[in-house]
Each structure stands twice: as C-alpha cells, then as structure tokens.
Amino acid sequence: MQPALNIPKTGALDLVSLGALVHRLDPGIIPFRKATECQIHVSGGEFNVAANLADCFGLQTSIATAMVNYPIGDLVAERVKAMGVKPFYKRFEHDGVTGPNIAAVYSDRGHGVRAPVVFYNRSNEAAARLKPGDFDWKTIFAGGIRWFHSGGIFAALSETTAELIIEGMRVAKAAGAVVSFDLNFREKLWKVSGGQHRAQSVIGRIVENVDVLVGNEEDLQKGLGVPGPQLAAKSKLDPSAFFGMIDRVVKQHPQIKIVATTLREVHSTSRHHWGAVAWVNGETHVSPTCELHVHDRVGGGDGFASGFFYGLLAGESTEESLKLGWAHGALLTTFPGDTTMATLQEVRAFAQGGSARIQR
C-alpha cells in the first residue's frame, strides 16, 4: 500500500530539521560518578534524523539551529559537516564564562541489570533562545523542500522554541512539504518548564500542523493527553494497546495521516526485543521483531524515524518503509553514539531478513 502523503517529488532539500544541537559525554559502561574519561557524541533528536538521512540514505538534508562561537561550537559544527548535513545557524557569541552554551548531555550506558542513566546541563542554552523570525524560511525553502521535521525535545526548551516550530511548520506546509513531529516526551525537560499540563497545551498546538506523528504510548498519553489503552498489552511488543489509542489521537487531530513508533521490550540493558508499528489512514502495519544485543541504545528511535521517512520519501510502500525504519533503528543500537554508521545496503539486507553472518 502506498501511503496517502502528497510528498513533492523533487526539491533542493529532501528534509529540513529544526531543533537543538547538543554534545553528549559518554563514559561507556562506567557510571559518571566513577568516570575518568568520556567519548563526545554530537546529537539532538531533530539533528539525528537529518544526519541519518544524509549519511546512510544519501538524501539532501539540513538543520536549522543555534550555534555558539566557541570551541564546543567548533567541535559540533565539524560533526554536522562530517555527517553531510547543511546547516542554517543562528549564531551566538560566548562570553567566555557563562555562555550561552551548547547543551551537554551526560549518559552512561549501563550494563546487564544496571540501567542506562541520562541527565543534562542545559543551563543558558543557546537553542532555548531561538524564536520566531530567527530564520528566513522562504530563503531556506527557496529551492524546494519535501519534508519538514521537529520534535518535543526542542519544544520543551522555552516558550519561544515552540512558537518557532509552529512558524517553521506553517511556512513549510505553504511550500508543499510534508510535516512530521516526534513527540519524544522527556519528563525531566518538561518538569522544569511547566510540567505535563504545559506540555500538552504546547504540543497540542504544534500537532495541529502535523501530517506524520512519531510517538509511543507514553508519548501519546503524557505529551498529547490521550487517555491510555482500555486493555493492557500482553507484552511490550504487542501493538494492540498502541493501535487502541490511535482513534483518540485522530479524533483530536483529524489531519494526521500517519502515526508510527517503535516497540521495545527490555530484558536487560544489553538485550532487547525490537519491533515497530504504523497506523496509516486507518490501516495498521506491524514490522518483524528481532532480538537486539545493544551497544548504545541512545538514538535508536531517531534511527527508526529516519529509516521510515526515507522509505516514504523514496516512494516505497508503507510495509517496506516500516521495515526500513525498523532495520535502521536496530542497526543504530549496535554503534557508539547517537547517529548512524550503517550503510543503505546493510539496512536493506537486514530489512529483508539478513543475518549477522560474516561478510567476506
């Protein structure tokens, strides 16, 4: 089945993401309180989608975001360039002491029965200062845009970021683009900016402009205020509870054409079962499932979203697009960092039932 999205066939930019860039400090399996060294990963829920689509899938993507003129900004900008993403920066000067800053995310991977831990330093974050009028959307979209994406992490940062998302979405829609939003509900971020009540008010206004929504049951409940499923799922891989909520989502927002999410059953930090589902104009689709031996779980959901979007942008069927998203998200958990190291050939092979046999 072909999804009923009116995606422009061509455009100078296949996808534009709007969001915050961050640098993630990762001591691996060592808890931060015992860490002596870290890897630095450049990330951001919205950036990850653009980076994956450029690096693995070969699309022309860009990120509209804040950039700070100081060494951390230089590091981040180098990684954006290396992933093949075209930047549109609103630049800020660092005062040498207090900022503004590019946010830091701290995370250890956990191991076995010990869960991963994520916490933040988003104090005086440059991206939180972004506001309507900071980007010349008509110039950015002048060569044509096929898809516009943003997410709930950026929406949570300040009162002005949500308004900027709405501004960007409306101009993108007027330019003919499909608009997507990943709910990505983060309790810690919303707690310091008004809590769940504000989250639902803000996200509800954003989603009025959205064609494709990404989010799991918790995202839908806490981010959109959709009542939970009447029947509990038999397992985390059972899609019935998720599908049971979709009627309520579409009743609130009848313009939505697609709702999709990953399904993850966590047996231990290192061993998950993984699947994905999509609701498309009233029809339901379920991916295969597989067992994951996880190296780094951060970014797996963004990996799913980017593979799924790629399939839709490439004109694949809904079933194939869902499998591509499922496969890419699974592969992404096998790499360190938040963005892809997979190739399109690897993604397609796994989506078609490939194995981990050595390739000679």
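**Exercises: reading a predicted chain**

At 7% relative accessibility, C56 falls in the buried class (buried is under 20% relative accessible area, exposed over 50%, partly exposed in between, with a 1.4 Å probe and protein chains only). Before you dig in: this is a predicted model, where local features need pLDDT of at least 70, side-chain atom pairs count only at pLDDT 80 or more, and totals for chains, interfaces and linings use all residues. Residues are numbered from 1 along each chain as its sequence is written, and side-chain values use heavy atoms, with hydrogens and water left out.

**Exercise 1.** Work out how many disulfides the structure has, and where the nearest cysteine sulfur to C56 lies.

*Solution.*
- Start with the rule: a disulfide is a pair of cysteine sulfur atoms within 2.5 Å.
- Searching the whole structure on that basis turns up zero disulfides.
- For C56, the nearest cysteine sulfur belongs to C290 and sits 16 Å away, so C56 is in no disulfide.
- C38, at a relative accessible area of 38%, is partly exposed.

**Exercise 2.** Decide why the radius of gyration of the chain agrees with a compact globule.

*Solution.*
- The radius is taken over C-alpha atoms, and the globule rule is 2.2 Å times the number of residues to the power 0.38.
- For 360 residues, that puts a compact globule near 21 Å; the chain has 19 Å, which agrees.
- Now look at the spans: the C-alpha trace covers about 50 × 50 × 45 Å along its principal axes.
- Buried residues account for 56% of the 360.

**Exercise 3.** Place E93 and list its contacts beyond four places in sequence.

*Solution.*
- E93 is in strand β5, residues 86-93 (strands are DSSP runs of E, at least two residues; helices are runs of H or I, at least four; both are numbered from the N terminus).
- With 58% relative accessibility, E93 is exposed.
- Contact means heavy atoms within 4.5 Å, and E93 touches N69, G99 and P100.
- M67 is 26 residues from E93 in sequence, yet their C-alpha atoms are 8.7 Å apart.
- Two of those contacts share a cis peptide bond: G99 and P100, with omega about 5°.
- P100 itself is in the loop between β5 and β6 (103-108).

**Exercise 4.** Say what is notable about phi at N124 and N281.

*Solution.*
- Most residues other than glycine have a negative phi.
- N124 has a positive phi, near 50°, and lies in the loop between β7 (117-121) and α3 (137-140).
- N281 also has a positive phi, near 45°, in the loop between β12 (271-280) and β13 (283-286).
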